[in-house]
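Reader: I would like to learn how to read a structure feature by feature, and I would be grateful if you could take me through one slowly.

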Amino acid sequence: MCGLAGYWGFGGLRSNDLINVASKMCMAIEHRGPDDTGFWHEKALGLVFGHKRLAIQDLSAAGHQPMVSNSQRFVIIFNGEIYNHLELRSELLKQANLKNSKSHVWKGFSDTETLLTAFDSWGVKKTLKKLVGMFALALWDRREKSLFLACDRMGEKPLYFGWKKKVFLFGSELKSIKQHPSFDNQINRDALPLYFRFNYIPAPYTIYKDIFKLKPGTFIRISIEDMKTQVIKTQEYWSLEKEAIKGQEQPFLGSQTETVEHLERLLRNSVKGQMIADVPLGAFLSGGIDSSTIVALMQDQSIKPIKTFSIGFNEKEFNEAIYSKEVAKLLGTDHTELYLSANDALNILPKLPELYDEPFSDPSQLPTFLVSQLTSEYVKVALSGDGGDELFGGYNRYTFAFNLWNKLARIPAPIRKLLGLSISSIPPSYLNSIINPFKNIIPNKFRLNNPGDKLHKGVRVLKSNSLNQVYSVLTSHWEDPSSLVIDASEPKHETFMSKSIGCFSDIESMMLLDMMTYLPYDILVKVDRAAMGVSLETRVPFLDHRIVQFALSLPMKWKIREGKGKWVLRKLLSKYLPQDLIDRPKMGFGVPIDYWLRGELKDWARDLMNPEKLKNEGFLESDLIQIKLSEHISGKRNWQYQLWSILMFQAWLEKNEINS
């Protein structure tokens, strides 16, 4: 795992300044690779590569980057891990021998060297198709005078790019790009409604004008001619949507036992491959199904206790640490936990705007950073259970929305509207106080944490007229961001090809949309920035593309049954853990933001949302914000997510000088 940065074009710089600028760009992402620094440049063209290395495999100098291929044709800077690189080496050697050519002499054991040899032998697109792993890379073809940027299939590793003053900039994080003298910090106002709707800014957009995110499963090629026209052509080497359609056309037809066994083989192999490292390794363990499954398979393939880590809360309804501790004890791991308080949150709040580079407001960013910080004190690599919910139907909203919509769609719209108004007039906190005392007598499959909040989400569904609207409601934190953001026009965010939606059931469509948007632009961003902020590499076994393809081919009966998601994962995990630990209600990585904003974080929130401050900045409607803040602090309504998105934007603004 590493950080990369670079640019193409002089932009008024002298030849002697090229490496100095790249050095500044790399220093901004020192946290991504504190073990080594390297530079390379094509002086005549003004092309510069910079690299920060976090040494995980082949810790020797043979893994140093930028790296030049044996043929001298290609130069690469690479961030990530290629888990099948040894198999690729074998294939490359076999191919060389069959051609009666001199066998390749390897200089070291790094996957970077394997990548370069593969690009030399197979070309860019064919090589990308063969890779199993997570990656972002920049590749220079000396012969064709072309620059390639590419990222992995599911979007685990970030890559930003764009033109500023005729200079093409690229890097692992925005903070490196911002160090180049050609960069200007003009904010993209039209990206703000997207941010307030989703809590993140989805690709291809970023918070800055003319700077973009590379989409998962794609690569771009920039030639000398493209440098003149500033045209960017994105090419696709793998498509989640196409794989989903293929899964529908060629479903897995195995029995119940065969389904569980096939998934176990795939996941066991993925975990085994991702446990390879030349440094200490561990895992995040929340106590939920996904992380418990990963840890169970890790421990089953290890001769010594796996190091596991979790975060807990003093607020009982948010605390999963008691379950992770029990899971760790049953699996026999070496477990470490840390309890998070509001004061801990206050201490790390100043770090968040710099950590995430652009506005990002998933509240679980707080415990994710702290568990990463804790983990980095003991190991250099951690495996994570992310992805299981999207692949196997784990989110409550899938069944909740589906069942609710099926019933309510039969009710005339005016009556639904009246019903919605009645429910929304009751604060979620009051609904929770009414429902919670009866939790123990409610069947497990109907139990919900924070039922009042879930009911309020259901009210928004009442206004919907289609599946797309239902999904939009469930994934929108500000239902109408245009009422909040001043002088902005929300782009139509292309989340799904309408021609394909008829292939899938309602729940399958929501799951696929989450895989295409929420997973890469929220979950994976959150984990990457939090972990790399403390120089910790994270790996996600569920996102091996072969597991993704298998999940997309599974009939829904193996994912959701009797209102419960992740059926096949539950069956797999039952081989390692007792049923009562598996069947408990889903909590997620929740954070008691609503309580904290009425308590220890209240003064901080009021300061950032000061009416005069908001009006002077000119981005957000102050009067609307004051109403939300007042209702929340009084306990009348729970606006925690809406307020948190404002607070994270305000904190980001405070840390960055912005041209509006």
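Reader: Which residue follows α3, and what is the sign of its phi?

Author: Before anything else, please keep in mind that this is a predicted model. The residue that follows α3 is G123, and its phi is positive, near 85 degrees.

Reader: How many residues does helix α3 have, and what should they span?

Author: Helix α3 covers residues 111-122, which makes 12 residues, and at 1.5 Å a residue they should span 16 Å; the C-alpha atoms at the two ends are 16 Å apart, so expectation and model agree.

Reader: Is α3 enclosed by the rest of the structure or open?

Author: It is largely enclosed, because 10 of its 12 residues are buried. Among the buried residues of α3 are L115, L116, F119 and W122, and polar ones such as D111, T112 and E113 are also included.

Reader: How is a pair of aromatic rings described, and how many such pairs does the structure hold?

Author: A pair of aromatic rings is described by the distance of the centres and the angle of the planes. The structure holds 25 aromatic pairs. One of them is formed by F161 and F212, which is tilted, with 6.1 Å from centre to centre and 40 degrees between the planes. F161 belongs to strand β8 (residues 160-164) and F212 to strand β10 (residues 212-213), so this pair ties together parts that lie 51 residues apart in sequence.

Reader: Are F161 and F212 buried or exposed?

Author: F161 counts as buried, at 5% relative accessibility, whereas F212, with a relative accessible area of 30%, is partly exposed. A second pair, F392 with F542, is edge-to-face, with 6.3 Å between the centres and 65 degrees between the planes. This pair links distant parts of the chain, since F392 is in helix α15 (residues 388-392) and F542 is in the loop between β17 (537-539) and α22 (545-553), 150 residues apart. F392 counts as buried at 0% relative accessibility, and F542 is buried too, with a relative accessible area of 0%.

Reader: Which residues form one aromatic cluster together with F161 and F212?

Author: The other members of that cluster are W40, F49, W163, F168 and F170.

Reader: Where does the charged end of R397 sit, and what does R561 lie over?

Author: The charged end of R397 sits over the ring of Y395, at 4.6 Å from its centre. R561 lies over the face of W567, and here the distance from the ring centre is 4.4 Å.

Reader: Turning to strands, which partners does β11 pair with, and in what sense?

Author: Strand β11 pairs with strand β7 (residues 146-151) in the antiparallel sense over 5 bridges, and with strand β12 (residues 234-236), again antiparallel, over 3 bridges. On the β7 side, S146 has S223 of β11 as its bridge partner, while on the β12 side F219 stands opposite Q235. Of the 6 residues of β11 (residues 218-223), 5 are buried, so this strand is largely enclosed by the rest of the structure.

Reader: How many disulfides does the structure hold, and how far from C2 is the nearest cysteine sulfur?

Author: The structure holds 0 disulfides. For C2, the nearest cysteine sulfur is that of C26, 11 Å away, whereas a disulfide would need the two sulfur atoms within 2.5 Å. Both side chains are nevertheless in buried residues: C2 has a relative accessible area of 5%, and C26 has one of 1%.

Key. Residues are numbered from 1 along each chain as its sequence is written. This is a predicted model: local features need pLDDT of at least 70, side-chain atom pairs count only at pLDDT 80 or more; totals for chains, interfaces and linings use all residues. Side-chain values use heavy atoms; hydrogens and water are left out. Helices (H or I, at least four residues) and strands (E, at least two) are DSSP runs, numbered from the N terminus. The expected span of a helix is 1.5 Å times one less than its number of residues. Buried means under 20% relative accessible area, exposed over 50%, partly exposed in between (1.4 Å probe, protein chains only). Rings of Phe, Tyr and Trp (its six-membered ring) pair if their centres lie within 6.5 Å; planes under 30 degrees apart count as stacked, over 60 as edge-to-face and the rest as tilted. A charge sits over a ring if NZ of Lys or CZ of Arg is within 6 Å of the ring centre and within 35 degrees of the ring normal. Two strands pair if DSSP finds at least two bridges between them.
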